[in-house]
Amino acid sequence: MDDIMSLCKRRGFIYQASEIYGGINGFWDYGPLGTMLKRNLREAWWQDVVMMPCWGRKGPDGEPVTNLPLDTCIIQNPKVWEASGHVAGFNDPMVDDKETKQRFRADHLFGLFVCISGDYAKDGLIRLVAFMTKVPPVRTVVASSSHEALELALADRKAMKPYKLGAVLDRITGGDESSTIIEVEDKDGAKGFGLFVPVYAGKWGTEYLRSNPQLIPSPFSGKSGSLTEPRAFNLMFKTFIGATAGADDIAYLRPETAQGIFVNFKNVVDTNRVKVPFGIAQTGKAFRNEVTPRNFTYRSREFEQMEIEFFCHESQAMDWYAFWRDWRMEWWKSIGLGGENIILREHAADELAHYSKATSDIEYRFPFTAPGFGELEGIAYRGNFDLTQHQKHSGAKLEYNDTTRGELAANGQPKGERYLPHVIEPSAGLDRGVLALLCEAYTKDASRASPEFMKFHPRIAPIKAAVFPLVNKDGMPEVAEKLHADLMKKFGRTGLIETDPKQSIGKRYARMDEAGCPFCFTIDGETLTNQTVTVRDRDTGGQERIALNTVVSFVSEKLGM
Ligand code: ATP
């Protein structure tokens, strides 16, 4: 991850916000290449969700999918957040280390640690240890060594699924090298080697800490007894509206874009010729005062979401849920997140929110979660919880009058049915998406002029193509300028088209490799005699000659546009 972060800084993908003032924790700015990458990802989502929903595929009802666009305010009437449950319930359990004054989330506390050799393993194979993230301090203090505690943790939090006891043991016997093997020493000085598997302990971790605050060692100092009990901490940023800034003027920065959609549901139905089932889609900033922002942009305090609220009749909701879950997974794969680094994880019944009938997460194996996965997008069947809440709190009638349903009247036509539609919510993080694309694209190859390069899918690559005159004379710059202009005309709206006459050609290729530009076209002496150029493939470094007048159609075909 450190290598990826330093390439991001060096090549202008992502900078720390307010860097010249020492930065500000949990906030990130995008540089020129990062801005284009982010824009391309947002645009790909917009194209495939709003402009041509689901690539023109039909929904489970056999009809084309409809999603309408929306753009709502970051600040809404604070009653929106009371109705949605965010004022009362959008909390994280926060724990302070009284000695070091550091703070973390209680539900991120636990890791699984499996002893595989040495004295440390003497009283059994498995111990539960306190840790913060990644690798725990070498001087690990055992919080519990009982198998019951472990089983309890596994039973409580299905996020641990990939690490179920059997799987953990398989890893050991199968010699999976993706887990971290560390040397450990327990409080009595016994030494051994162990396999460390990070897991998220959720509610169980919080409860365990609440009932045993003295037992848990601080993840910062390793000492027991310095942690406070977990306290609920509301994640919404507060601000004031107007000049008086009194208690009555409090407002919140939205923690998700979804509620702006729900409160406009009736407006959209009333002002458009649209029938349930249909969706409303919006992208935009969201803000969460995360207790512990971390892992680069993965958990930040200001981020962007891409959300769909898809409204349907209850009887069709599970079909739509399955449709969206599967298509969203296919979509992420279509822009380059393939292979074993992406999984779909269906939540177990005891993991669901009280109003949700089914939820799944699309998760990516980030370098900092490996061998585990981190959420990229959640697809939740939310029942009609949100519309019910807003109808109750606002007093507005939000019911939809479905004239295609209900008993048949004497004239043979349905009488109609009034209902609050059920909702499927595919909710994706744009910044997390960008981070996953950066991680997936990052490739090391010491044998190349660019020992690190970015294998972006051409559709989201910030620079689509580059045009280089081999030397800056003999008529080559003029041909390059003309080709550059032609490519700009055709593809300039979808990404940057680079041209650069300086430095050796090898250095120019290397720069483009680091930026993830898929194709470089070079104008050389032969171009002037036979009207051909070389095209160099970023991933293989291989070159071929193609006719100058076919370059635009070549790029067009590769970009699928
Ligand atoms: P997590 O459990 O990781 O905090 P969440 O379940 O709270 O995430 P949702 O409320 O479902 O997340 O938000 C939808 C999406 O928004 C997430 O899948 C993620 O991609 C993105 N997201 C949420 N919180 C953050 C954050 N702090 N920084 C960046 N992206 C975020």
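Contact here means heavy atoms within 4.5 Å. The model shown in these views is predicted.

**View 1. Helix 2 meets helix 12.** Helix 2 covers residues 32-51, and helix 12 covers residues 430-441. From helix 2, the contact draws on Leu37, Lys38, Leu41 and Arg42. From helix 12 come Leu430, Asp431, Gly433, Val434, Leu437 and Leu438. Sorted by type, the residues of this contact are six nonpolar, one polar and three charged.

**View 2. The crossing of helix 2 and helix 12 is right-handed.** The axes of the two helices lie 10 Å apart. The packing angle is about 115 degrees. Angles of 65 to 115 degrees count as roughly perpendicular. Helix 2 and helix 12 are therefore roughly perpendicular to each other.

**View 3. Five strands make an open sheet.** Their order is 25-24-26-27-28, and the pairing is mixed. Strand 25 (496-499) and strand 28 stand at the edges. Each has a single partner strand, so one side of each lacks a neighbour in the sheet. On average, neighbouring strands of this sheet are turned by 25 degrees against each other, direction ignored.

**View 4. Strand 26 pairs with strand 27.** Strand 26 spans residues 519-523. The two strands run antiparallel, joined by four bridges. Look for Phe519: its bridge partner in strand 27 is Asp537.

**View 5. Strand 27 and strand 28 form a hairpin.** Strand 27 takes in residues 532-537, and strand 28 takes in residues 543-547. Their pairing is antiparallel, over five bridges. One bridge links Arg536 to Gln543 in strand 28. Five residues lie between the two strands. In the turn, Gly541 has a positive phi of about 75 degrees.

**View 6. Helix 13 and helix 16 against the strands.** Helix 13 (residues 476-491) packs on the sheet. Helix 13 touches strand 24 (463-469), strand 25 and strand 26. The direction of helix 13 makes about 165 degrees with that of strand 24. Helix 16 (residues 551-559) lies across strand 24, strand 26, strand 27 and strand 28. Helix 16 runs at about 170 degrees to strand 26.

**View 7. The whole chain, for orientation.** The chain has 561 residues, and 53% of them are buried. Its secondary structure comes to 16 helices and 28 strands. Take the contacts with a separation of 6 or more: residues 24 or more positions apart account for 65% of them.

Terms used. Residues are numbered from 1 along each chain as its sequence is written. This is a predicted model: local features need pLDDT of at least 70, side-chain atom pairs count only at pLDDT 80 or more; totals for chains, interfaces and linings use all residues. Side-chain values use heavy atoms; hydrogens and water are left out. Axes are lines fitted to C-alpha atoms, for helices over the stretch in contact, and angles run from 0 to 180 degrees between N-to-C directions. Angles under 35 degrees count as roughly parallel, over 145 as roughly antiparallel, 65 to 115 as roughly perpendicular and the rest as oblique. A crossing is left-handed if the near helix is turned anticlockwise from the far one by less than a right angle, and right-handed if clockwise. Ala, Val, Leu, Ile, Met, Phe, Trp, Tyr, Cys and Pro count as nonpolar, Asp, Glu, Lys and Arg as charged, and the others, Gly among them, as polar. Two strands pair if DSSP finds at least two bridges between them. Buried means under 20% relative accessible area, exposed over 50%, partly exposed in between (1.4 Å probe, protein chains only).
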